[in-house]
Amino acid sequence: MSQTFDVMELAEHVKKQRWWNKMFGQNSSGPAAEKYSVVTQLAIGGVSGWCAGYLFQKVGKLAASAVGGGFFLLQIAHHTGYIKIDWKRVEQDVNKAKKQLKLSSDKPPKEVRTKLNEVQVFVKKNIVLTGGFAGGFLLGLAS
């Protein structure tokens, strides 16, 4: 008794579901304001913003702990004599970096301006979605 099972990829199966087509549509280009209701945009933006804020909070704490712990270990190693730090050289390097940053901060590079313009256009076209994301992000940081 052998049965043949038709194996369908998960992506193909999901695309055939009515909720998937209703939510994301066949054509996913264009601003969300043209495709979804305000409530749907707020819900999608709020949930994705909350998830991003929550993850940002957790990763931020981990990064702060790692940087602080590394600095603490370096201080202990310096005071116990395992390493010797040339503070005059550190100060010179920091001052040199400050001067380079001041020179390059007058006008941002073309790539940065282009990306900034793209973000501004996206936010203007999808203001409800981005507002929901911002609110959800702040809630995610607070939780």
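Student: At 33% relative accessibility, does F133 count as buried, partly exposed or exposed?

Tutor: F133 counts as partly exposed, because the buried class ends at 20% relative accessible area and the exposed class begins over 50%. Please keep in mind throughout that we are reading a predicted model.

Student: What describes a pair of aromatic rings? And how many aromatic pairs does the count come to?

Tutor: A pair of aromatic rings is described by two quantities, the distance between the centres and the angle between the planes. In this structure the count comes to 3 aromatic pairs. One of them joins F56 and F137, whose ring centres are 5.7 Å apart and whose planes stand at 50°, so this pair is classed as tilted. Since F56 belongs to helix α3 (residues 38-80) and F137 to helix α6 (residues 127-142), the pair ties together parts that are 81 residues apart in sequence.

Student: Which of the classes, buried, partly exposed or exposed, holds F56, and which holds F137?

Tutor: F56 has a relative accessibility of 53% and counts as exposed, whereas F137, with a relative accessible area of 22%, is partly exposed. A further pair is formed by F133 and F137, with ring centres 6.2 Å apart and planes at 20°, and it is therefore described as stacked. F133 and F137 lie 4 residues apart in helix α6, a separation of about one helical turn. Taken together, the ring pairs link F56, F133 and F137 into a cluster.

Student: Which residues make the nonpolar surface patch, and which helix gives the most to it?

Tutor: A patch is read from its members and from its area, and here W50, Y54, L55 and L139 make a nonpolar surface patch of about 410 Å². Helix α3 gives the most to this patch, contributing 3 residues. L55 is one of the residues that lie in α3, and with a relative accessibility of 54% L55 counts as exposed. Y54 also lies in helix α3, but Y54 is partly exposed, at a relative accessible area of 31%.

Student: Leaving aside its neighbours within four places in sequence, which residues is Y54 in contact with?

Tutor: With those neighbours set aside, Y54 is in contact with G140, L141 and S143. A backbone distance adds to this picture, as the C-alpha atoms of Y54 and F137 are separated by 7.4 Å although the two residues are 83 residues apart along the chain.

Student: How should I read helix α3 itself, and what are its buried residues?

Tutor: One can begin with the span and then turn to the burial. Helix α3 has 43 residues and reaches 62 Å from its first C-alpha to its last, which is close to the 63 Å expected at 1.5 Å a residue. Its buried residues are Q41, G45, G49, G53, Q57 and A77, and what covers these buried residues includes α6. After the helix comes G81, which has a positive phi, near 95°.

Student: How many salt bridges does a search of the whole structure find, and where do E118 and K115 lie?

Tutor: The search of the whole structure finds 1 salt bridge. E118 forms this bridge with K115, and the closest N and O atoms are 3.6 Å apart, a distance that qualifies because the cut-off is 4 Å. Both residues lie in helix α5 (residues 110-125), where they are 3 residues apart, or about one turn of the helix. E118 counts as partly exposed at 44% relative accessibility, while K115 is exposed, with a relative accessible area of 51%.

Student: Stepping back to the whole protein, how many helices and strands does it have, and what share of its residues count as buried?

Tutor: The protein has 6 helices and 0 strands, and read along the sequence it follows the pattern α-α-α-α-α-α. Of its 143 residues, 11% count as buried. The protein exposes about 12300 Å², and carbon and sulfur atoms supply 66% of that area.

Student: Among contacts between residues at least 6 apart in sequence, what share joins residues at least 24 apart?

Tutor: Among those contacts, 63% join residues at least 24 apart. The ring pair of F56 and F137, which ties together parts 81 residues apart in sequence, and the contacts of Y54 with G140, L141 and S143 are local details to look at beside that share.

Conventions. Residues numbered from 1 in each chain as written. Predicted model: local features only at pLDDT ≥ 70, side-chain atom pairs only at ≥ 80, totals over all residues. Heavy atoms only, no water. Phe/Tyr/Trp six-rings, centres within 6.5 Å; stacked < 30°, edge-to-face > 60°. Helix = DSSP H or I, 4+ residues; strand = E, 2+ residues; numbered from the N terminus. Buried < 20%, exposed > 50% of the residue type's maximum accessible area, 1.4 Å probe, protein only. Patch = residues over 30% accessible without salt bridge, like charges linked within 9 Å, V, L, I, M, F, W, Y side chains within 5 Å. Areas by Shrake-Rupley, 256 points an atom, 1.4 Å probe, with all protein chains shown as cover. Salt bridge = Lys/Arg side-chain N within 4 Å of Asp/Glu carboxyl O. Contact = heavy atoms within 4.5 Å. Expected span 1.5 Å × (residues − 1).
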